[in-house]
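Open the model in a viewer with the cartoon and the side chains available. The stops below go from the whole chain to the sheets, then to the core and a single side chain.

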Amino acid sequence: MHPMLNIAVRAARNAGQVVVKAFSQPENIEVIQKGSNDFVTNVDRDAEAAIIHTIKKSYPEHSIVAEESGEIAGTNPDYQWIIDPLDGTTNLVKGIPHFAVSIALRVKGKTEQAVVYDPIRDELFTATRGSGAQLNGYRIRVGKAKELSGTILATGFPFKQKHHIEPYLKMFQSMFIECADIRRAGSAALDLAYVAAGRVDGFWEIGLKPWDTAAGELLAKEAGAIVTDFVGGHNYENSGNIVVANPRVLKEMLGKIRENLPESLAK
């Protein structure tokens, strides 16, 4: 394992311990609303602190972009860690055991290392650019579906951007008619990891942030998936609009999305 991936794994497991302890003691979870339908807890902040401490202990010169702390400058800006300490906060608050720690490392703008860790199931998804993706040390590959028919897709509702609900529901309807079924589980990081592991055949969502997707994107790519925005380009990091699947399924998903794509999302 690459030494920097090893540190990412250590950081993810340290954060996972914080999250699991909190999940077993729900009376100690403190919830604060930071935006419309957007919540943060003391668990997010404690888990993030554990990750930052672990990374800075080994690489004090690296910069960090974290969901709750924002940007933490380093003396070597070529190395940037992208952190989501708890992807699926609402699930945690509601007692639903489906959430993850997401950590990615970018070197000169390219994502080189990725970890998505599900502490409840003790499932560790890892990837190093050019070396494939693994789940608990075993190689994983994207599903082999040759068309949208018969697939299981994953998605996330635009709960922070409800003004997009009409085009989103048209996309949903168009794909739902063709595929076997659709899952909406509440953690984009795990949705991307599940595409990488072949558990779901494709994923799309509107308006995600870089910390939601940085690690899962590399996992999916290293497992053989294609990652694009809603028009088949590479602007998903800026727009937050992402589609992920194997090449054949992705082509059909993009077709369904384009049929229902307003100008406001065509970027």
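Start with the whole chain, which is a predicted model. Colour by accessibility: buried residues account for 54% of the 267 residues. The chain exposes about 11,900 Å², and carbon and sulfur atoms supply 49% of that area. Switch to the C-alpha trace, which spans about 50 × 40 × 30 Å along its principal axes.

Now show the cartoon. The secondary structure comprises eight helices and 15 strands. The radius of gyration is 18 Å, close to the 18 Å that the globule rule gives for 267 residues, so the chain is as compact as a globular protein of that length. Contacts can be displayed here as well: among those between residues at least 6 apart in sequence, 62% join residues at least 24 apart.

**The eight-stranded sheet**

Select β3 to β10. These strands make an open sheet in the order β4-β3-β5-β6-β7-β8-β9-β10, and the pairing is mixed. Which strands are at the edges? They are β4 (70-72) and β10 (138-140), each of which pairs on one side only. Looking along the sheet, neighbouring strands are turned by 20° against each other on average, with direction ignored.

Zoom in on residues 62-66 and 76-87, which are β3 and β5. Five bridges pair these two strands in the parallel sense. Pick V65 to find one of the partners: its bridge partner in β5 is I82.

Next add helix α6, which packs on this sheet. The strands that α6 touches are β3, β5, β6, β7, β8, β9 and β10, and its direction makes about 100° with that of β7. Add α5 too: α5 lies across β5, β6, β7, β8 and β10, running at about 100° to β7.

**The five-stranded sheet**

Keep α5 (residues 188-196) on screen and turn to its contacts with β11, β13 (202-205) and β15 (242-245). The helix lies across these three strands and runs at about 155° to β13. Select the rest of their sheet, an open one with mixed pairing and the order β12-β11-β13-β15-β14. The edge positions belong to β12 (181-183) and β14 (226-228); each has a single partner strand, so one side of each is left without a neighbour in the sheet. From one strand to the next the twist averages 20°.

At the β12 edge, select β11 (residues 152-156) together with β12: the two run parallel and are joined by three bridges. Within this pair, L153 stands opposite I182 of β12.

**The core**

Hide the cartoon and show side chains for V116, F125, V195, F203, L219, I242 and V244. These residues have the most contacts inside the largest nonpolar core, a set of 36 residues. Which elements give two or more residues to this core? They are β6 (100-107), β7 (110-118), β8 (123-128), β9 (133-135), α5, α6 (210-222) and β15. Colour α5 separately, since the largest share of the core, eight residues, comes from this helix.

**A last stop on α6**

Bring back the cartoon and pick K221, which lies in helix α6. Is K221 buried, partly exposed or exposed? Its relative accessibility is 37%, so K221 counts as partly exposed, the class between under 20% and over 50%. Beyond its neighbours within four places in sequence, K221 is in contact with V227 and Y236. Finally, draw a distance from K221 to I64: their C-alpha atoms are 23 Å apart in space, and the two residues are 157 apart in sequence.

Notes. Residues numbered from 1 in each chain as written. Predicted model: local features only at pLDDT ≥ 70, side-chain atom pairs only at ≥ 80, totals over all residues. Heavy atoms only, no water. Pairing = 2+ DSSP bridges. Helix = DSSP H or I, 4+ residues; strand = E, 2+ residues; numbered from the N terminus. Axes fitted to C-alpha atoms, helices over the stretch in contact; angles between N-to-C directions. Contact = heavy atoms within 4.5 Å. Rg over C-alpha atoms; globule rule 2.2 N^0.38 Å. Buried < 20%, exposed > 50% of the residue type's maximum accessible area, 1.4 Å probe, protein only. Areas by Shrake-Rupley, 256 points an atom, 1.4 Å probe, with all protein chains shown as cover. Core = buried A, V, L, I, M, F, W, Y, C linked by side-chain atoms within 4.5 Å.
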